[in-house]
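Please consider the structure shown below. The paragraphs that follow lead from its overall architecture to its interior.

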Amino acid sequence: MVSATEAASGAPTGPARLHIDGGRPPTAETVAAIAALCDGAEDPGAPEPVVLQLSGAPASGWTDELTVGLVSKWERVLRRLERLPTTTIAVADGDCGGTALDALLVTDVRIATPSLRLLPHVADGATWPGMALHRLAQQTSGTGAIRRTVLHGTPLDAAQALALHLVDEVTDDPVAALAAAGHSTALAGSELAIRRQLLLDARTVPFEEALGAHLAACDRALRRASAEGTT
């Protein structure tokens with residue numbers, strides 16, 4: 001199930017929140033809920049972080065109603081979430097697989113409870129070949145670290161996820177951790193999006209190709225600092 005709080009209401013009282021139940025497969029409703037969340041977060045007047053509350057893992061038969069078209073829409077809306085001009089924070093509890101794992105892997109700050117288990121989705125006796133596998137490999141220290149997880153669906157507990165930097169913090173008090181994370185995320189807007197993209201590109205783009213993008217970002221920073229110094 002997907003439920004949203006302040007995601008599309010425009011309420012300025014706090015961060016937009018979305019609960020994603022990994023026990024359900026991607027649906028048109030899920031895609032629409034995340035799209036609405038992104039609409040609100042892309043508003044220049046909405047600098048608050050986005051909070052995703054994640055739990056649940058799919059049971060057997062979860063792909064019965066899926067189509068390639070729906071999977072494509074799901075992956076595209078996740079990519080949009082991954083590029084938001086505001087910080088995205090995940091709070092993951094218990095078993096997290098399916099859509100919950102997919103969403104976790106596109107967030108900036110990841111808080112987990114000690115009961116966390118990351119469960120790659122399995123369909124027809126094999127792990128689901130979605131973009132979660134790509135992100136797991138990109139975000140860890142190498143394919144060897146997660147080979148058993150990607151190939152055989154071996155779960156990762158909270159300690160393993162922390163050691164692999166798939167989560168940033170494991171805590172018994174996720175509410176306090178969320179509040180602290182919200183106060184420590186000062187960068188927002190286009191500058192955050194630029195830094196995030198430079199980080200995402202760092203594993204795959206050669207130095208010579210990356211240099212231009214980094215110099216352009218440096219130029220933006222220098223121009224902004226100069227403009228602030230003259231005001």
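Nine helices and 10 strands form the secondary structure of the protein, which is seen here in a predicted model. Among contacts in the protein with a separation of 6 or more, 69% join residues 24 or more positions apart. Of the 231 residues, 40% are buried. The protein exposes about 11900 Å², and 57% of that area comes from carbon and sulfur atoms.

The interior can be followed from its largest nonpolar core, which has 46 residues. Within this core, Ile34, Leu54, Leu116 and Leu118 touch the most other members. The elements that give two or more residues to the core include strand 2 (16-21), strand 3 (50-56) and strand 4 (88-97), together with helix 2 (68-82), helix 3 (98-104), helix 4 (131-139) and helix 6 (158-163). Helix 1 (28-41) is also one of these elements, and its seven residues are the most that any element gives.

Leu54 illustrates these connections. Leaving aside residues up to four places away in sequence, Leu54 touches Ile20, Ala90, Val91, Ala92, Asp93, Cys96, Ala100, Ala103 and Leu104. A second core is separate and has seven residues, among them Val51, Val91, Ile111 and Leu178.

The cysteines deserve a closer look. Cys96, one of the residues touched by Leu54, has a relative accessible area of 1% and is therefore buried, since the cut-off is under 20%. Cys38 also counts as buried because its relative accessibility is 0%. The structure holds zero disulfides.

Methods
Residues are numbered from 1 along each chain as its sequence is written. This is a predicted model: local features need pLDDT of at least 70, side-chain atom pairs count only at pLDDT 80 or more; totals for chains, interfaces and linings use all residues. Side-chain values use heavy atoms; hydrogens and water are left out. A disulfide is a pair of cysteine sulfur atoms within 2.5 Å. Buried means under 20% relative accessible area, exposed over 50%, partly exposed in between (1.4 Å probe, protein chains only). Helices (H or I, at least four residues) and strands (E, at least two) are DSSP runs, numbered from the N terminus. Contact means heavy atoms within 4.5 Å. Accessible areas come from the Shrake-Rupley method with a 1.4 Å probe; for residues, only the protein chains shown count as cover. A nonpolar core is a set of buried Ala, Val, Leu, Ile, Met, Phe, Trp, Tyr and Cys residues joined through side-chain atoms within 4.5 Å.
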